[in-house]
Amino acid sequence: KPPEIEQNRIYISRQKATSRRVLNETLLEPLLNEYGFQVLICEQLSLAEQIRLFSNTEAIVGPHGAGLANIMYPQHKISIGEICCPPTVPCYLVIARQLGHSFSRLQADPVGDNKIGDMSLTSEKLKSWLKTL
């Protein structure tokens, strides 16, 4: 059965990916939930499910990656938050601006071999950023 959105904010997890993961993500989930974000793993959803879920949201947050392409589905203005480690191509910033969405980027701390792009965030840094979305 396809998942239902319990909240109208989505956090896109890259836990199934091989790069650009937020390695301490499970520790941050309670804070994300506190701010109304439901954690989704896009690889577990069909395209139709992704379109349905993302088209009804008010905010999408997640690490830089293909899951953020779902910002194109809402037909209304939303807030987009991208978590990344430099250097990062500004493709989601450009898409968000073209669609009229608000966009914010949070610079995470690199973890290990930065060629992979894995990262971590402190809960304080994430909380401060989420307040601004």
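A nonpolar surface patch is built here from nonpolar side chains joined within 5 Å, taken from residues with over 30% relative accessible area and no salt bridge. With that in hand, let us tour this predicted model.

**View 1. A nonpolar patch on the surface.** Met-72, Ile-95 and Leu-99 together make a nonpolar surface patch of about 230 Å². Look for Met-72 in the loop between S3 and strand S4 (79-84). Met-72 has 45% relative accessibility, so this residue counts as partly exposed.

**View 2. Inside the largest nonpolar core.** Now we turn to the interior. The largest nonpolar core has 18 residues, and those touching the most other members are Tyr-11, Phe-37, Ile-83, Leu-121, Leu-126, Trp-129 and Leu-130. Helix H1 (25-34), strand S3 (59-63) and helix H4 (123-132) each give two or more residues to this core. Apart from it you can find another core, of 15 residues, including Leu-40, Ile-60, Ile-71 and Ile-78.

**View 3. The surroundings of Ile-83.** If we leave aside neighbours within four places in sequence, Ile-83 is in contact with Tyr-11, Val-22, Val-61, Gly-62, Pro-63 and His-64, among others. The list of contacts also includes Leu-106, Ala-108, Met-119, Leu-121 and Trp-129.

**View 4. Two cysteines without a disulfide.** A disulfide is a covalent bond between the sulfur atoms of two cysteines. How many disulfides does a search of the whole structure find? The search finds zero. Cys-84 is in no disulfide, and its nearest cysteine sulfur, in Cys-85, is 7.0 Å away. Why is there no bond between Cys-85 and Cys-84? Their sulfurs are 7.0 Å apart, which is too far for a bond, because a disulfide needs the two sulfur atoms within 2.5 Å. Cys-84 is buried, with a relative accessible area of 3%, and Cys-85 is buried too, at 10%.

**View 5. A salt bridge between Arg-9 and Glu-58.** Three salt bridges turn up in a search of the whole structure. In one of them, Arg-9 pairs with Glu-58, and the closest N and O atoms are 2.8 Å apart. Arg-9 sits in strand S1 (residues 9-12) and Glu-58 in the loop between helix H2 (47-55) and S3, so this pair links distant parts of the chain, 49 residues apart. Glu-58 is partly exposed, with a relative accessible area of 33%.

**View 6. A salt bridge between Arg-105 and Glu-82.** The side chains of Arg-105 and Glu-82 meet in a salt bridge, 2.8 Å from N to O. Arg-105 belongs to strand S5 (residues 102-107) and Glu-82 to strand S4, so the pair ties together parts that are 23 residues apart in sequence. Is each partner buried or exposed? Arg-105 counts as partly exposed at 34% relative accessibility, whereas Glu-82 counts as buried at 0%.

Definitions and conventions
Residues are numbered from 1 along each chain as its sequence is written. This is a predicted model: local features need pLDDT of at least 70, side-chain atom pairs count only at pLDDT 80 or more; totals for chains, interfaces and linings use all residues. Side-chain values use heavy atoms; hydrogens and water are left out. A nonpolar core is a set of buried Ala, Val, Leu, Ile, Met, Phe, Trp, Tyr and Cys residues joined through side-chain atoms within 4.5 Å. Buried means under 20% relative accessible area, exposed over 50%, partly exposed in between (1.4 Å probe, protein chains only). Helices (H or I, at least four residues) and strands (E, at least two) are DSSP runs, numbered from the N terminus. Contact means heavy atoms within 4.5 Å. Patches are made of residues with over 30% relative accessible area and no salt bridge: like charges are joined within 9 Å, nonpolar side chains (Val, Leu, Ile, Met, Phe, Trp, Tyr) within 5 Å. Accessible areas come from the Shrake-Rupley method with a 1.4 Å probe; for residues, only the protein chains shown count as cover. A salt bridge is a side-chain nitrogen of Lys or Arg within 4 Å of a carboxyl oxygen of Asp or Glu.
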